[in-house]
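Trainee: Could you take me through a close look at the rings in this model, and then at the loops and surface around them? I would enjoy one connected tour.

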Amino acid sequence: MVYTPANVLGDFPPWFLRPLAVVFGLLWGSFVNVVIYRVPRDMSVVHPPSSCAACGARIRPYDNVPVLSWLLLRGKARCCGARISPRYLIVELIGGGIGLATLEVVVRAVPPDASLLRASAFFLAYFGLALGLVAAAFIDAEHMYLPDSITLGGAVLGLATASLRGEPIAEALFGAALGFVGVWLPLIVVYARVRGRQGMGLGDAKLTMLAGAWFGWKGAAFVLFAGAVQGTIAALVIYLVAGKIEEPEAVRADRDELKRAAAEGDTEAALILAEDPVLDAPPAAGLGQARIPFGPFLALACLELMFAHEWISEAYRTSSLGGL
């Protein structure tokens, strides 16, 4: 691919910009790992400094270098020898890839007469969105929970940057509203009345709202459709390979802990169990009753739309169905 943003970024050569974008992404990918671990546990993402999840020892700066530290330590903590999940390495590599992809795809699409400040704002806005989606995907995969700080915060960021991105604010608002209602009404309200349980969670509706705020109503529709297709394929593959689809271990642990607390008279725990449908045990083990996190597939569809929009639009146009 020919790199062409010289008019936007001045005389910065590609050999300088590309490694810079990758390193920038790796560093923020390391921070995303902190978000993934701490946000579901109601911990601050800035304090205290990074520490070992197994023994609590402070992690030294030289053991906190993205990718290299995990490889040099062979996936084990220096302080106590506890295993460090490969997820830390994977998320950091994804961060590096997102940094490069944002530079190559998003900044390359900035008008040639745009200022360096506007090109930088484009980069930071889409880079922040992409990393937020990665964090949401991993959190939902482990906890079946999509934090409002990411879904609602991302939607607000999309609306706030609409004019910067050349999107009329009215269209962004309409896309956000349609994205939310398009999931909330049929798959939460109506589905619950028909089948007695929700088809999707409220966090999924908020994530689709985020997609509408950034990509308009057509983008929200694509994200919902593509997420559903990819989620269904993944569920079928898991079921065929493993013979069953189990809930994330963290969800079962949270349910057991809340049940113990409720049995001991904790009224708040009992209220949480009664109000959160995720904390109900699955009614059956069959494929039709399986419960899988949908957020990762919605987030994946958002990233696909962000970085492969031209290819998707071209494929959509040639299918005689129109364009995104």
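Mentor: Start with arginine 87, whose charged end sits over the ring of tyrosine 88, 4.4 Å from the ring centre. Bear in mind that this is a predicted model. A similar arrangement involves arginine 41: its charged end sits over the ring of tyrosine 37, at 4.0 Å from the centre.

Now to rings that meet other rings. A pair of aromatic rings is described by the distance of the centres and the angle of the planes. With centres within 6.5 Å as the rule for a pair, the count comes to nine aromatic pairs. One of them joins phenylalanine 180 and tryptophan 184, with 6.3 Å from centre to centre and 15 degrees between the planes. That pair counts as stacked because planes under 30 degrees apart are classed that way. Both residues belong to helix H7, which covers residues 169–195, and they are four residues apart, about one turn of the helix. Phenylalanine 180 is partly exposed at 21% relative accessibility, and tryptophan 184 is partly exposed too, at 34%. Elsewhere, Phe24, Trp28, Phe31, Phe123 and Phe127 make up one aromatic cluster.

Let's move to the loop between H2 and H3, where the backbone deserves your attention. Aspartate 42 sits in this loop and has a positive phi of about 55 degrees, although it is not a glycine. With a relative accessibility of 74%, aspartate 42 is exposed. Valine 67 is in the loop between H2 and H3 as well, and its phi is also positive, about 65 degrees, again without being a glycine. Valine 67, however, is buried, at 13% relative accessible area. Proline 48 is found in the loop between helix H2 (14–38) and helix H3 (68–72), and the peptide bond leading to it from histidine 47 is cis, with omega near 0 degrees.

Another loop, between helix H5 (116–143) and helix H6 (148–160), holds leucine 146. This leucine 146 is buried, with 8% relative accessible area. Beyond its neighbours within four places in sequence, leucine 146 is in contact with Ala136, Asp140, Thr151, Gly203, Asp204, Leu207 and Gly295. Proline 296 is 150 residues away from leucine 146 in sequence, yet their C-alpha atoms are 9.7 Å apart in space.

Finish on the surface with phenylalanine 225, a residue of helix H8 (202–242). Phenylalanine 225 is exposed at 59% relative accessibility. Together with Val229, Ile233, Leu236, Val237, Leu240 and Val241, Phe225 makes a nonpolar surface patch of about 730 Å².

Methods:
Residues numbered from 1 in each chain as written. Predicted model: local features only at pLDDT ≥ 70, side-chain atom pairs only at ≥ 80, totals over all residues. Heavy atoms only, no water. Patch = residues over 30% accessible without salt bridge, like charges linked within 9 Å, V, L, I, M, F, W, Y side chains within 5 Å. Areas by Shrake-Rupley, 256 points an atom, 1.4 Å probe, with all protein chains shown as cover. Salt bridge = Lys/Arg side-chain N within 4 Å of Asp/Glu carboxyl O. Helix = DSSP H or I, 4+ residues; strand = E, 2+ residues; numbered from the N terminus. Buried < 20%, exposed > 50% of the residue type's maximum accessible area, 1.4 Å probe, protein only. Contact = heavy atoms within 4.5 Å. Phe/Tyr/Trp six-rings, centres within 6.5 Å; stacked < 30°, edge-to-face > 60°. Lys NZ or Arg CZ within 6 Å of the ring centre and 35° of its normal.
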